[in-house]
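Please look at the sequence and the three-dimensional picture together before reading on. The report is written for someone meeting a protein model early in their studies.

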Amino acid sequence: MRAFLTGIFTVCCGFTAIKAQDVYLSIPENNILNRVEFTSVPTRVMTNANRTNWDYAFLGLLPIAPTFTSVSGAAFTHSSSSSTLPGSTLLWQLESMGGQLPSAGYSGSLPGFQSFSTSPVKWYEPPSSIFFGGGFNRGNINFTFKIPAAQFTANAFRAGNYSMDITQNYNDFTPINFKTILVIPQTIRWLTSSLTKYVEVSSLNDYRTTNTKVWDLGNTEIANTVDFNFWAKAVATNIQFTSSKGVPGTRNIAAVKLGSNGPALTTKALSADFQNFSAANFTVAAGNRNSFIPQLYVSADDFKNLFFEAGTYTFDLNFNAKSTDNSINNLQNTAVQLKVLPLSEITIPSSGRNVNFNFNTAEHYTNGQSQTIPNQIILSNNESFELYVKSDENYFKKAGLQTDINSNILQIGINGSPVTVPLSKTPQKILLNGTPVLDRGLNVTYTIPPARAQSLVGKENTTYSINIYYSFTAI
């Protein structure tokens, strides 16, 4: 009975000693996301408590090489998804047995880095015969593992565990069977993104187009080992505005929409609350990176009505790459500044460039004359302004020569403005407190009052001319 119990105890102890011990390799996120080669520290794979020499068959003439064989297939399989990694992803090489490499003896050799296979792969080449020596120490059998940088580029490493079942052929090395497990961490990291976006508007033509204004925020590249969604919001409900004269104001942030130059994002109006802009989940792709270009959109009407005034418009955006299970996220901010330069333009259509007064009846001299030129001036100015008029000389000319007809016989005014001024070489104000406007047509009234018209009696019958100039002054 004592011998029987001792036998049971020995078997149980032996079973405990050979219990499988899996090999876990934790792959740092820096290696995955930056595609940098991973090399492990010496890692215990097996333990040798008894042996000091290799096995040889056929009277010691044929060495039996120690081997690894995958019994679960040619690929590493993910524990909770259908994701796999090819067996070639992981390379390994014997580092030591009992603290040092085995004795090479005659023709013994250490193979280079290899990968697991469904066929036996030698991890050491023993000497060709037992007579040439070639032993090793008892103790831990350690290996060095490596994942080349190219594997991080070529494959998708999804967070979780990838495993492969391995068996080895030396019964005295324990364990006989074990799993090699690649542990991939959960991570999301912004690699590239524009932290600021500056837009400058320097032409009135930008407001005349009917096309939606589009500004890209630069390439955004996000590295990830988990599926994620792209969330975004504005920091505030209003865009902050400071006019070119330092006057503050606001614009509604909803006038600006966010989307992308491709199908990655859906287009939605911005708000102060986070919204999911992803058209579909961003998955874990080969190389563990997703890239796209976020864009801002403003309709032609909103751009003309809300962003026409000269000054600076600013708002901040918060972006959040958040895993689909909401377990991890990574924030990124972008400051947007739209600067509208002071812009002004006066255009006189060719049809309105000549204003002719014909004095050929007595009534013309007695009653004077007046005429209004519809839309003679097309005016654009994105600042508050005043409109001035002046002549190039104080007297009309005849055939290029100065006459004694004073320019002030002609009075000029703008329909809707209470001001009418006599023409002079000195600029005079004819439109007060003008507000920013685009392509506004002004009806200009030219008058020669009766008293001034009568001063022309007796003048030579010919053509007298003078040039008139219109100009702005910002206020």
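The report below goes from the whole chain to two of its sheets.

## The chain as a whole

This is a predicted model, and the values in this report were computed from its atoms. The protein chain holds 7 helices and 38 strands. Along the principal axes, its C-alpha atoms fill a box of roughly 150 × 45 × 30 Å. The radius of gyration of the protein chain is 43 Å, whereas a compact globule of 475 residues would have one near 23 Å.

Of the 475 residues in the protein chain, 41% count as buried, a label that stands for under 20% relative accessible area. The protein chain exposes about 23,200 Å², and carbon and sulfur atoms supply 50% of that area. If we take the contacts in the protein chain between residues at least 6 apart in sequence, 76% of them join residues at least 24 apart.

## A sheet of four strands

One open sheet has 4 strands in the order S17-S26-S22-S23, and its pairing is antiparallel. Strand S17 (213–216) and strand S23 (268–269) stand at the edges of this sheet, and because each has a single partner strand, one side of each is left without a neighbour in the sheet.

The partner of S17 is strand S26, residues 294–298, and the two pair in the antiparallel sense over 4 bridges. Within this pair, lysine 213 stands opposite valine 298 in S26, while valine 214 stands opposite tyrosine 297 in S26.

Which side chains of S17 are buried, and which are not? The side chains alternate along the strand: Lys213 and Trp215 point to one face and are buried, whereas Val214 and Asp216 point to the other face and are not buried.

## A sheet of three strands

Another open sheet consists of 3 strands in the order S36-S31-S38, again with antiparallel pairing. Its edge strands are S36, which covers residues 428–434, and S38, which covers residues 468–474, and each of them pairs on one side only. On average, and with direction ignored, neighbouring strands of this sheet are turned by 20° against each other.

Strand S31, residues 385–391, pairs with S38 in the antiparallel sense over 7 bridges. As an example of how residues face one another across this pair, leucine 387 stands opposite phenylalanine 472 in S38.

Notes
Residues are numbered from 1 along each chain as its sequence is written. This is a predicted model: local features need pLDDT of at least 70, side-chain atom pairs count only at pLDDT 80 or more; totals for chains, interfaces and linings use all residues. Side-chain values use heavy atoms; hydrogens and water are left out. Two strands pair if DSSP finds at least two bridges between them. Buried means under 20% relative accessible area, exposed over 50%, partly exposed in between (1.4 Å probe, protein chains only). Axes are lines fitted to C-alpha atoms, for helices over the stretch in contact, and angles run from 0 to 180 degrees between N-to-C directions. The radius of gyration is taken over C-alpha atoms; the globule rule is 2.2 Å times the number of residues to the power 0.38. Contact means heavy atoms within 4.5 Å. Accessible areas come from the Shrake-Rupley method with a 1.4 Å probe; for residues, only the protein chains shown count as cover.
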